[in-house]
Amino acid sequence: NLSGKTALVTGSTSGIGLGIARRFAAEGANVVLNGFGDAGAIDTLQADLAKEFGVQVVYHNADMSKPAEIEAMIKFADDKLGGVDILVNNAGIQFVANIEDFPIEKWDAIIAINLSSAFHTSRLALPGMRKKNWGRIINLASTHGLVASAGKAAYVAAKHGLLGLTKVGALETATTGITVNAICPGFVLTPLVQKQVDDRAAKDGISNDEAKKALLSDKQPSGEFVTPEELGALAVFLASDAARQVRGAAWNMDGGWVAQ
Ligand code: NAD
């Protein structure tokens, strides 16, 4: 039970981040939501989560590519909910092109959002965690933090970097009540992956269902998507006291992807 704790989940208006935020709310944690989307839909999401689980839910619209906005978000969490106890660095984007065709601004955006934002949130949240001698940092990396795929230079570089940051964070907090770990999901059917399904369907002239199967059969031996709920359960475990000696791990939940 995480009641009395505050979980900040970046990029939690959609997909995996939303699944993780829901699971933390279900455990009784207060939640800071973040991410883009329709203002009315986000209001509703915030109110529904608070009502369903009887916790406080606040929202901050910081753009994870902007350090000043990240700083404002952490201050907001301090002011509204007494600081960040559980930090989930989840916001992320994807872009697919070969290196020689990769747009420079896409490279910069992916490195900023998928990697540098986790450095900024961590450096700003750690002092509060150290004061309480308790904290959890959970970085959403990817199987692409462990292995590569063609066409994903920026994403793979950022996710490998995020695992490096995770290990350093784990060592710097090793003798404290703070742990730093990463989760490495395989394919999860979120808007980020639906775009790749659509591209595959268009490229090969196949249906949506066939494109999903094709994407999975390339990489994911289970032939099934991982779900945001399953990832939420893993994040809750990493936040639990039972996981206090899990430090610097890159925990894959990937239908067997990296076992190959
Ligand atoms: P998604 O597109 O469904 O959600 C991404 C979230 O991040 C949204 O809430 C979006 O608003 C937010 N976001 C995007 N840019 C932002 C910015 N600049 N500032 C603040 N918020 C921003 O994607 P998802 O699949 O749920 O991905 C979440 C994380 O999981 C990402 O880090 C992704 O790399 C990782 N991941 C996804 C998969 C997958 O198969 N879907 C697999 C492995 C890892």
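**Helices and sheet, by question**

Colleague: In this predicted model, helix α4 passes α5 in a right-handed crossing. Are the two helices roughly parallel or roughly antiparallel?

Modeller: Helix α4 covers residues 104–132 and helix α5 covers residues 153–172, and their axes are 9 Å apart. They pack at an angle of about 15°. Angles under 35 degrees count as roughly parallel, so the relation of α4 to α5 is roughly parallel.

Colleague: How many nonpolar residues does the contact of α4 with α5 have?

Modeller: On the α4 side the contact includes Trp107, Ile110, Ile111, Leu115 and Phe119. On the α5 side it includes Ala154, Tyr155, Leu162 and Leu165. Lys106 of α4 and Lys159 of α5 also take part. By class, the contact has two charged residues, four polar and, as the number asked for, eleven nonpolar.

Colleague: Helix α3 spans residues 67–81. Is α3 roughly parallel or oblique to α4?

Modeller: The axes of α3 and α4 come within 10 Å, and the crossing is at roughly 30°. That crossing is right-handed. Angles under 35 degrees count as roughly parallel, and α3 and α4 are therefore roughly parallel.

Colleague: Which residues of α3 meet α4?

Modeller: The α4 side of this contact is Ser117, His120, Thr121, Leu124, Ala125 and Gly128. Counting both helices, the contact divides into five nonpolar, four polar and two charged residues. The α3 residues are Pro67, Ile70, Glu71, Ile74 and Asp78.

Colleague: Is α1 oblique or roughly parallel to α8?

Modeller: Helix α1 (residues 15–26) and helix α8 (residues 228–239) have axes that come within 8 Å and cross at roughly 50°. This angle is not under 35 degrees, the cut-off for roughly parallel. The relation of α1 to α8 is therefore oblique.

Colleague: What is the handedness of that crossing, and how many charged residues does the contact of α1 with α8 have?

Modeller: The crossing of α1 and α8 is right-handed. Among the contact residues are Arg22 and Arg23 of α1 and Glu229 of α8. The contact divides into nine nonpolar residues, three polar and, for the class asked about, three charged.

Colleague: Turning to the sheet, which strands lie at its edges?

Modeller: The sheet is open, has seven strands with parallel pairing, and runs in the order β3-β2-β1-β4-β5-β6-β7. Its twist averages 20° from one strand to the next. An edge strand pairs on one side only, and here the edge strands are β3 (57–60) and β7 (250–253).

Colleague: In β3, which residues point to the face where they are buried?

Modeller: In a regular strand the side chains alternate between the two faces of the sheet. In β3, Val58 and His60 point to one face and are not buried. Pointing to the other face, and buried, are Val57 and Tyr59.

Colleague: Which residue of β3 is the bridge partner of Val31?

Modeller: β2 and β3 pair in the parallel sense over four bridges. The partner of Val31 in β3 is Val57.

Colleague: Which residue of β2 is the bridge partner of Val9?

Modeller: Strand β1 (residues 6–9) and strand β2 (residues 30–34) run parallel and are joined by four bridges. The partner of Val9 in β2 is Leu33.

Colleague: How many residues of β5 are buried?

Modeller: On one side of β5, Gly135, Ile137 and Asn139 are buried. On the other side, Arg136, Ile138 and Leu140 are buried, so both faces are covered. Helix α4 lies across β4 (86–89), β5 (135–140) and β6 (178–185). The buried count for β5 is six of six.

Colleague: Is Asn90 buried or exposed?

Modeller: Asn90 is in the loop between β4 and α4. Among the residues it touches are Val9, Thr10, Ser12, Ile16 and Leu140. The cut-off for a buried residue is 20 or more other C-beta atoms within 10 Å. Asn90 has 30 of them, so this residue is buried.

Colleague: What separates the C-alpha atoms of Ala148 and Ala97?

Modeller: Ala148 lies in the loop between β5 and α5. It is partly exposed, with 15 other C-beta atoms within 10 Å. Ala148 and Ala97 are 51 residues apart along the chain, and their C-alpha atoms are separated by 13 Å.

Definitions and conventions:
Residues numbered from 1 in each chain as written. Predicted model: local features only at pLDDT ≥ 70, side-chain atom pairs only at ≥ 80, totals over all residues. Axes fitted to C-alpha atoms, helices over the stretch in contact; angles between N-to-C directions. Parallel < 35°, antiparallel > 145°, perpendicular 65-115°, else oblique. Left-handed = near helix turned anticlockwise from the far one by under 90°. Contact = placed C-beta atoms within 7 Å. Nonpolar A, V, L, I, M, F, W, Y, C, P; charged D, E, K, R; others polar. Pairing = 2+ DSSP bridges. Buried ≥ 20, exposed ≤ 12 C-beta atoms within 10 Å, placed from the backbone. Lists of a residue's contacts leave out its neighbours within four places in sequence.
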